[in-house]
Structures are given as C-alpha cells and as structure tokens.
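Work through the exercises below with the structure open beside you. Try each task before reading its solution.

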Amino acid sequence: MRTDTAPVVRLEDYRPTDFLIDTVVLDIALDATATRVHADLSLRRNPAGREDAPLVLQGDELVLLSVARDGVPLTADQYQADPQGLILPGPLPDQFRLTIETVVNPTANTKLMGLYRSGGNYCTQCEAEGFRRITYFLDRPDVLSVYTTRLEAARADAPLLLANGNLVERGDIPGTGRHYAVWHDPHPKPAYLFALVGGTLDTVAEEFVTASGRKVEIAVHVEAGKRERAAYALDALRRSMRWDETTFGREYDLDVFNVVAVSDFNMGAMENKGLNIFNDKYVLASSDTATDADYAGIETVIAHEYFHNWTGNRITCRDWFQLCLKEGLTVFRDQEFSADERSRPVKRIADVRTLRTQQFAEDSGPLSHPVRPRTYREINNFYTATVYEKGAEIVRMLRSLIGPAAFRRGMDLYFARCDGTAATIEDFLGCFAEASGRDLGHFAQWYEQAGTPVVTASGQYDAAAGTYRLTLSQATPPTPGQPTKAPMVIPIVLGLVGASGDALPIATTNEATVDADGLFVLDSANATITFTGLTERPVPSLLRGFSAPVRLESELNDDDLIVLFRHDSDPFNQWQAGQTLATRLILAAMRGETVNTRFGEALGHFLDSDARNDPAFAAQVLALPSEADIARDIGRDINPTAIHNARLAVKRALGAELAPHLNALHGALQSSEAYRPDAANTGRRALRNAALDLLAAGDATEGAARATAQFDEADNMTERLGALAVLVLIPGAARDHALATFAARYGDNPLVLDKWFALQAGIPEEGTLDRITELARHPAFSMGNPNRIRALFGSFAMTNATQFNREDGRGYDLIADTVLALDARNPQVAARLLTAFRTWRVLEPIRRGKAEAALRRVAATQGLSPDVSDIAGRSLE
C-alpha cells in the first residue's frame with residue numbers, strides 16, 4: 001500500500017516474492033470512462049518465499065468490483081482492499097486461482113500510466129509500475145507470467161484491437177455493435193511489459209522473413225491521416241531486425257511485431273513484447289515535417305525498442321536496481337546499429353556530446369547516483385542518463401577490455417544461460433568472465449561507484465635516450481553518499497603522433513602493457529608507461545574513440561593540439577583537439593584576452609582540405625563547445641551569462657575570419673536533388689547548416705540574408721529549420737516574418753510546432769520569459785501533452801542557460817511554478833522538468849541562492865507527488 005511519502009527501497013533488502021503467478025488471463029471491456037478489467041491469475045507459493053505469508057498485491061487508484069478465490073467470491077472479512085492494494089491474509093493454499101474485477105477510467109488518467117486515452121485511442125504504459133493501475137498484481141519485474149488477453153470494444157470506437165503476442169481469435173459479438181480479439185504471448189514476461197491498444201489507426205505493414213525462414217508480419221500503426229509518414233519507421237524496423245540477426249545472432253520469436261504511435265506519451269517509447277508503443281515523435285517523418293535529426297532519432301529509437309526483445313524482454317531485470325542491465329546494454333546495441341548504418345566517428349562524437357551534456361552534469365550534482373543505485377524512493381526518477389548513457393559506456397569498455405571475439409562469446413552465453421529469467425548485473429558479468437577467462441571483479445565497480453573519474457596525463461621526452469615517459473593518474477570526486485572513491489578499471493586507447501603528423505611506433509618497456517591496438521588499462525591510482533625508440537618528441541593521443549567515460553586533463557599545449565587536429569588518425573581525437581582549442585579560446589575571452597587566430601587558421605585549412613571528404617564530421621568540427629561544456633570545465637562559481645558572452649565573442653571572431661570558406665561551402669553544398677535521409681545527404685545538409693550558423697555569427701546582416709533565402713527556398717525541414725535556428729538569434733523583421741511564416745505553414749502539425757516552440761524558448765534574450773508566457777497561451781500548446789511541455793518549458797530550462805539562470809531568479813521561478821502546476825496532472829513529467837536544477841550548486845553565489853530558494857519553495861509545498869518530492873529532496877540534500 002502506497003503512502004504520500006514513498007518509502008526508501010534498498011537493494012540490500014531484496015528478497016524473492018512469496019508467490020509466483022504462472023498465467024494471467026485478462027478480459028478487458030474497453031470503455032472511455034468505465035473500462036472493466038477481469039483478471040484471472042494462477043498463483044503458487046514461491047519455494048524461495050516465506051511460508052504462510054499473506055498475498056500482498058499492489059494497486060494504484062483502483063476501484064475493486066469483486067474478488068474470488070478458486071471460483072468462490074470472497075467476503076469482506078476475507079481480504080483487505082483499498083485503491084492502493086489488495087491483501088489476502090494467510091494461511092493460503094500452495095496453489096490457487098484468484099479472480100479480480102476492477103474498473104478504471106482511461107479518459108481521466110492524465111498521468112499517462114496504466115490504461116489511458118490518447119487522441120481518442122486506448123493505450124497503455126506499464127513501465128515501471130503502471131500495471132497496478134489496471135488490476136491488482138505482484139507488480140515487480142521478477143514475477144514472470146504467460147499472458148492471454150481478450151479485448152472487446154465498440155467496433156465504431158476501436159476497430160483495431162492489439163495486445164502482446166500472437167492473435168489467436170477475433171470476431172463480432174452479435175447484436176451489440178462490439179467485437180473482440182484474443183492475443184496470447186507464449187513467452188513469460190513481467191507485468192511492466194504488458195500492453196494493449198484499441199482505436200482507429202492507419203497501418204503500413206509488410207512481411208519479414210527471418211534468417212531461419214520464418215515469416216513475420218511487421219506493422220506500424222499511426223493515427224488516422226498520418227499513414228504517409230510511417231514508412232521510414234517500418235524501414236528502420238526491418239533493418240534493425242536484420243542487423244540483430246547478423247550482429248548478435250538474435251532472431252525474432254513471434255508471428256507479428258506491431259509498433260503503435262500515440263501523441264500523448266511520457267517517454268520516447270516502450271518495448272512491450274511484440275507491441276511497442278511509441279511517442280509519435282519517434283515514428284512520424286516526411287521531408288517536409290522531419291529533420292535529418294528526427295530521421296536519425298526514429299532509426300535509433302525503433303532499433304532500441306526492438307533490440308529490447310532480447311535484452312529486456314526475453315531476459316529481464318530481477319529488480320529495478322538492475323535497470324541498466326536492460327537499458328544500458330540496449331543503448332550500446334542501438335548505438336552500434338546506428339554507427340553501422342551511418343558514420344561511426346560522427347555517431348561516436350554525437351553520443352559523447354550527449355553523455356557529457358547530460359550524464360556528466362548529473363554526475364557532478366546532487367542527483368548523482370551509481371549506474372546501479374543502492375536505494376530509491378521513486379523508480380520513475382531513475383530512468384536517467386547515468387543508467388542509459390553511462391550504462392552503455394560500461395558495456396563498450398567491457399568489449400574493449402576482453403576484445404570483440406570474447407565479447408560476442410559472452411553475449412551468446414548470456415542469451416543462452418539467462419533466457420527466460422530475471423537477471424542481475426552479476427549474472428551478466430559472469431558470462432563475460434567465463435567467456436574471456438578474466439576476473440571482472442574490479443571492473444564491476446563501474447556499476448557501484450558514482451561520479452566521473454578524472455584522468456590526468458603528463459609526459460616527459462628524453463631526446464638522448466629516445467624515450468617518452470607518460471604518467472597517468474586517476475581520481476573521482478566525492479558524490480552524495482560516496483565521499484571516498486577507489487580507483488577504477490579505465491581502458492585507455494592511445495597512440496603517438498609526430499610533429500609532422502606521422503604515427504610513431506609504440507614500443508614500451510616491460511613495466512606497462514600496451515597491446516597492439518594501443519590499449520592500456522589504468523586500474524590503479526597512478527601508472528607510468530615508458531615508450532622507447534623515439535627519434536622525436538611525440539604528441540600523445542589519449543582516450544581514442546573516447547574509450548572510457550572520464551574527464552581527461554593533459555598538459556598538451558596549443559601546438560600539440562593543432563598537430564592532433566590536423567593529423568590524428570583517430571577521428572574522435574581529431575575532433576576533440578579542436579574542441580579543446582575552442583574551449584581555451586572561450587576561457588581566454590572570459591578573462592578579457594583577445595581571441596588569437598591560430599585555431600581559425602587551422603579550421604580554415606581543414607575546411608579547404610578535408611571538410612567535403614566527410615561533411616557530417618566537418619559539421620561536428622564547426623560546432624563550438626556548448627555553454628554547458630564550458631561550464632563543466634570551469635566547475636564552480638559559474639556565471640552562465642559570462643560564458644554565453646565569451647562563447648559568442650569567439651564564435652563571431654571565427655565566423656568573420658572564416659567567412660570566405662563558409663560562404664563557399666554554403667553555396668557549394670546546396671543541392672537540387674530530391675530529399676533523401678541517407679548518410680551522405682544528411683552530412684551535406686549538416687555541414688551547410690553549420691556553415692550558415694557560423695557565418696551569421698560573424699556577419700549578422702549577411703547571415704540573416706542568407707538564412708532568409710535558405711528558409712524561403714528550402715524543400716525540406718532540415719534546411720528550413722536550420723535557417724530558422726539562425727534567424728531566431730538575430731532580432732528584427734526577418735526573424736518575425738520567418739516565425740510567422742513557419743507557424744502559418746505548420747499550424748495543424750503539433751510535432752512540427754514543437755520545433756517552433758523550442759527555438760523560441762531557447763532565445764538568449766531578456767524578453768524570452770514574456771515570450772514563453774505568451775506561447776503557453778497559443779492554441780497549439782497544451783499542458784496535457786508531454787511533448788508540448790518538453791518543447792516549451794523543457795527547452796527553456798535545459799538549453800537557455802542565460803535566461804533560466806537569470807540573476808533575478810525569474811527563470812527559476814517560472815520552472816518551479818510550472819512544476820507545481822503540472823505535478824497533480826502528470827508527476828513524471830513534472831519531476832523530469834525539475835531536474836533542470838541539477839547543477840544549481842556550482843553556480844555563482846547570487847544565482848545559487850535564487851535557485852535554492854525556488855527548489856525549497858517546491859519542496860515545502862504540501863501534497864507533492866512522490867516523484868517531485870524525491871527530486872526536490874535529493875537536489876537539496
């Protein structure tokens with residue numbers, strides 16, 4: 001039974017459930033305001049549980065109509081029930097059937113958890129604890145059951161009825177105008193993977209033939225009138241299925257695979273067995289409405305949810321503390337898929353940008369937690385960048401440490417040994433230890449220790465001896481609950497580059513081991529590597545491919561960085577060298593120093609010689625470090641306005657210096673060919689937009705003219721939105737006209753208007769607060785839709801550092817007020833919006849005080865949801 005203040009759940013307190021549920025037979029009569037749910041559960045006592053324990057089932061805002069055991073209705077003195085739970089006191093038989101009938105109101109369910117209505121359609125979201133909003137249940141991931149689901153509805157209201165598994169029966173109910181469908185899922189699954197959909201949907205479908213020759217119908221279902229924008233999602237699903245067969249030997253295991261897109265969804269998507277339910281943002285795409293980034297996002301999320309079929313569904317989590325076992329592992333898999341489908345270096349850079357912006361910030365603030373946390377109050381608040389992105393980095397490091405062949409053997413063993421079970425991190429790592437013959441005990445610390453390790457590198461060249469002595473050390477800053485840190489296992493891939501750009505040979509003394517791929521494992525606080533046989537001073541290229549999620553501090557000077565930027569054979573470190581040089585320029589500008597031209601010269605050379613060889617990579621090179629990147633490097637007493645002004649000064653200087661190169665690029669990259677979202681054309685458009693952005697910074701008048709022309713002439717959303725993103729930063733008539741034109745053109749398309757909301761929320765100007773207040777009254781905006789909230793208020797809080805962190809505190813108050821207004825309606829979205837305060841402690845004192853006051857006002861509010869109360873409380877600890 002749930003209380004207003006959620007209790008602390010501890011990993012150390014885990015014990016098996018007292019009962020197991022072998023089969024679940026559901027009969028659900030869909031109705032907009034009174035859906036009746038008849039649940040028939042086959043229970044047996046768990047041998048690992050307690051003898052004579054009562055049966056305690058979880059609920060959440062449920063209305064109980066009846067309960068029976070073995071067909072006999074129970075009287076009021078034989079059970080205890082309220083909206084939050086159902087208890088049958090012991091003693092109970094070792095085996096019995098429990099029949100429960102509840103009623104729920106899908107239309108009133110604004111929390112979007114459990115069964116709710118979206119766009120007139122019925123759908124569900126049960127992860128993490130939403131099934132208990134449908135019927136009373138042992139709602140935990142280690143209770144695996146075989147489900148059979150009968151759905152019925154008025155045919156006019158819901159002509160399409162979908163659930164998990166395979167369709168076994170369907171038909172009309174004579175004389176009622178209603179029909180039914182029966183679905184059976186033969187694979188045991190936890191309740192969080194249950195799903196149903198009922199409604200009026202358009203469908204695109206095709207037949208997929210698996211590697212073994214089985215035929216599978218794959219389909220994407222979208223709201224009426226949106227069918228033409230579903231083709232790319234279906235194509236991404238087909239490619240994902242084939243890739244998983246080829247790369248991991250995983251074949252799909254049902255006769256159908258359904259994807260359903262809904263317009264109201266708290267997250268990105270959900271991997272329910274055989275019936276994935278998606279936020280329509282990650283399904284719908286056309287050249288006129290979706291950017292290249294949208295297409296890439298669809299590809300990634302479709303793949304992610306499909307890959308969960310094995311890493312999350314066939315093998316699930318024993319408890320929610322093991323969440324990274326499915327999410328981090330599956331993020332790694334979707335990253336590898338996208339890297340194979342597109343540009344591997346560009347994908348790696350994009351993933352690291354996300355990791356540093358989101359997860360590093362999380363690691364350095366009051367919401368820091370290990371990849372496998374030890375405690376939680378509200379599990380919905382642990383679907384974090386640490387679990388997902390850092391969890392993926394741990395899997396990547398594991399592959400680096402044991403090698404690709406042993407990694408594949410370990411994955412095969414994991415699939416074979418743990419199939420059909422609820423597993424733990426220890427189960428997972430045990431398979432790789434066995435497959436590789438290595439002890440992974442020390443490596444497992446990545447799952448237990450929070451914080452971002454800092455690796456410091458220093459070197460000494462001895463010309464007479466021909467040696468270079470590289471010293472590496474590591475330290476992890478204190479985090480909440482973990483003041484003292486132990487050394488981690490850090491794989492560092494390295495190389496040596498000569499002043500002329502040649503790769504230098506790697507030969508070491510026997511005091512340290514660097515393998516043929518340049519891998520050195522730093523597993524102690526300090527280590528030294530001595531390289532021999534060198535005829536010139538080398539420039540070390542460290543952490544190639546970003547081989548570990550750490551911060552690297554080195555003593556490389558600007559000359560060294562320019563050598564790496566021009567010559568490093570590792571694309572990631574080539575890009576990183578440019579980012580480091582740009583960061584130094586911005587920090588110098590903050591100190592009032594004149595921006596030097598050396599990096600500009602190097603960029604000009606790059607644009608002339610290399611940019612068109614890989615436009616997508618060149619676009620990443622042209623993008624300066626973000627304001628969040630600079631704040632992270634400063635570390636404390638941060639003034640976001642000073643960072644913004646310094647970054648803008650550097651951007652203006654580089655834009656003016658590189659204007660001839662940028663003008664030439666922007667013109668040359670224009671294309672008259674029909675839009676295609678393939679890697680080559682995506683890269684071309686990315687570089688064209690990046691050139692326009694930097695050009696406009698250097699010359700606002702010329703930039704506004706070019707951006708207006710691109711906006712007017714664009715035949716695709718990528719270039720139209722790229723131009724608008726430039727124009728919104730240049731006050732004047734051109735901006736106002738472009739915003740009005742965009743709104744008029746896409747006024748009936750909420751997903752596109754989200755882009756319009758987001759761009760305006762990110763304008764770093766004094767008037768943006770008033771603009772947001774006005775936009776919140778726009779007819780297309782709704783506080784009931786998570787996408788609209790994220791587009792307007794989320795974009796403001798997460799991307800507009802100067803206005804969210806205003807010195808007068810009004811930005812903090814706006815988000816605090818929004819969180820409080822939203823909490824009763826949708827606590828999950830409210831809590832995630834509140835995480836915008838996660839870095840408040842590193843601000844300069846005036847802003848820090850204003851942010852703390854806003855947080856304390858939220859925390860002191862009576863009747864907060866457990867979701868928001870948890871975030872507010874931990875942020876203030």
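The exercises concern a predicted model and deal with a helix pair and two sheets.

**Exercise 1.** Describe how helix α16 and helix α17 pack, and sort the residues of their contact.

Solution. Two packed helices are described by the angle between their axes and the distance between the axes. Step 1: the axes of α16 (residues 679–698) and α17 (residues 700–713) come within 6 Å. Step 2: they cross at roughly 150 degrees, and the crossing is left-handed. Step 3: α16 contributes Arg688, Asn689, Leu692, Leu695, Ala696 and Gly698 to the contact, while α17 contributes Ala700, Gly703, Arg706, Ala707 and Gln710. Step 4: with Gly counted as polar, these residues divide into 5 nonpolar, 4 polar and 2 charged.

**Exercise 2.** Find the strand order of the sheet that contains β28, and state which strands are at its edges.

Solution. Step 1: this open sheet has 3 strands in the order β29-β28-β32, with antiparallel pairing. Step 2: β29 (503–504) and β32 (539–541) each pair on one side only, which makes them the edge strands. Step 3: β28 (residues 495–497) is joined to β29 by 2 bridges, and valine 497 stands opposite alanine 503 of β29. Step 4: helix α9 (residues 558–567) lies across β28 and β32, at about 55 degrees to β32.

**Exercise 3.** Explain why β31 and β33 each have one side without a neighbour in their sheet.

Solution. Step 1: the order of this open sheet of 4 strands is β31-β26-β25-β33, and its pairing is mixed. Step 2: β31 (526–531) and β33 (551–554) stand at the edges with a single partner strand each, so one side of each has no neighbour in the sheet. Step 3: β31 runs antiparallel to β26 (residues 467–475), and 6 bridges join them. Arginine 469 has threonine 530 of β31 as its bridge partner.

Note on methods: Residues are numbered from 1 along each chain as its sequence is written. This is a predicted model: local features need pLDDT of at least 70, side-chain atom pairs count only at pLDDT 80 or more; totals for chains, interfaces and linings use all residues. Side-chain values use heavy atoms; hydrogens and water are left out. Axes are lines fitted to C-alpha atoms, for helices over the stretch in contact, and angles run from 0 to 180 degrees between N-to-C directions. A crossing is left-handed if the near helix is turned anticlockwise from the far one by less than a right angle, and right-handed if clockwise. Contact means heavy atoms within 4.5 Å. Two strands pair if DSSP finds at least two bridges between them.
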